[in-house]
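User: I am new to this structure and would like to go through it by question and answer. Please show it first.

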Amino acid sequence: MIAKEVIAHYVNSNSNVHCVFLDSSKAFDKVEYCKLFNLLLYRHISPHVIRVLLNMYTGQQVKVLWNGVYSRTFTALNGVKQGAIISPVLFCVYLDTLLIELQKAGLGCHIGHWFVAALAYADDVVLLAPTARAMRSMLTICDRFASMFDVTFNGNKSKCIRFNTRNNCYAHLRCHRSLKSVITL
């Protein structure tokens with residue numbers, strides 16, 4: 001709903017909007033515990049809560065079921081639990097570093113003083129920018145984040161679209177195959 005309102009605001013103000021939907025591959029599986037728990041400490045989360053999470057996540061033993069056969073038990077060294085209620089919240093803490101960097105850059109769409117150029121929940125990210133140049137700069141920031149936090153943005157599943165001011169027509173743009181966060185605009 002927020003993305004739709006931002007796009008409508010810009011189009012009604014005679015400005016194009018470039019929109020990129022980023023797909024993170026196996027995002028929950030790649031969360032690095034050390035970085036996640038440091039981010040939680042930085043946010044002044046209660047040490048008791050962090051200790052419970054540490055006990056839940058470090059040293060957990062898992063098995064893989066494939067073709068009706070279980071693997072040997074092994075220790076999971078990273079990742080948040082798929083299907084756990086807290087996993088999307090923990091991933092949001094992990095991803096918030098990217099959103100803060102995008103906001104600090106001052107790029108993308110703004111409504112008044114509100115930064116509305118990057119919207120995210122769990123592993124879904126939407127970027128909004130009035131120009132292709134701003135979008136490329138935002139994607140460069142995403143690429144740096146991806147390298148630092150071991151997040152892979154999948155170019156084959158990510159989508160790009162430009163909303164034009166003329167006749168409200170939509171022009172689909174190609175996403176670069178490897179993305180490595182660079183998208184052809």
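**Helix 4 and the salt bridges**

Analyst: Gly106, which comes just after helix 4, takes a positive phi of about 70°. The model is predicted.

User: How far apart are the end C-alpha atoms of helix 4?

Analyst: Helix 4 covers residues 87-105, which is 19 residues. At 1.5 Å a residue it should span 27 Å, and the separation in the model agrees with this. The end C-alpha atoms are apart by 28 Å.

User: On which residue is the kink in helix 4 centred?

Analyst: The helix bends by about 35°. Among the buried residues of helix 4 are Tyr94, Leu95 and Asp96. The kink is centred on one of these, Leu95.

User: Which residue of helix 4 meets Arg43 in a salt bridge?

Analyst: Arg43 lies in the loop between helix 2 and helix 3 and is partly exposed, with a relative accessible area of 39%. The closest approach of the two side chains, N to O, is 2.2 Å. Because the partner lies in helix 4, the pair ties together parts that are 53 residues apart in sequence. The partner, a buried residue of helix 4, is Asp96.

User: Which residue forms a salt bridge with Lys104?

Analyst: Lys104 counts as exposed because its relative accessibility is 64%, over the 50% cut-off. Its partner also lies in helix 4, 3 residues away, about one turn of the helix. Residues three or four places apart in an α-helix point the same way, because there are 3.6 residues a turn. With closest N and O atoms 3.8 Å apart, the partner is Glu101.

User: How many salt bridges does a search of the whole structure find?

Analyst: Arg43 pairs with Asp96, and Lys104 pairs with Glu101. Glu32 and Lys35 also meet, at 3.5 Å, N to O. Glu32 is partly exposed at 26%, and Lys35 is partly exposed at 28%. The number of salt bridges found in the whole structure is 3.

User: Is Asn164 buried or exposed?

Analyst: Asn164 is found in the loop between strand 11 and strand 12. Its side chain makes a polar contact of 2.7 Å with the side chain of Arg162. Because its relative accessibility is 12%, under the 20% cut-off, Asn164 counts as buried.

User: What is the area of the nonpolar surface patch that includes Val52?

Analyst: Val52 has its place in helix 3 and counts as partly exposed at 47% relative accessibility. Together with Met56, Ile86 and Val89, Val52 makes a patch of about 300 Å².

Key
Residues numbered from 1 in each chain as written. Predicted model: local features only at pLDDT ≥ 70, side-chain atom pairs only at ≥ 80, totals over all residues. Heavy atoms only, no water. Helix = DSSP H or I, 4+ residues; strand = E, 2+ residues; numbered from the N terminus. Expected span 1.5 Å × (residues − 1). Bend = angle between axes of the 7 residues up to and from the residue. Buried < 20%, exposed > 50% of the residue type's maximum accessible area, 1.4 Å probe, protein only. Patch = residues over 30% accessible without salt bridge, like charges linked within 9 Å, V, L, I, M, F, W, Y side chains within 5 Å. Areas by Shrake-Rupley, 256 points an atom, 1.4 Å probe, with all protein chains shown as cover. Salt bridge = Lys/Arg side-chain N within 4 Å of Asp/Glu carboxyl O. Polar contact = N/O pair within 3.5 Å; in protein donor to acceptor, adjacent residues only side chain to side chain.
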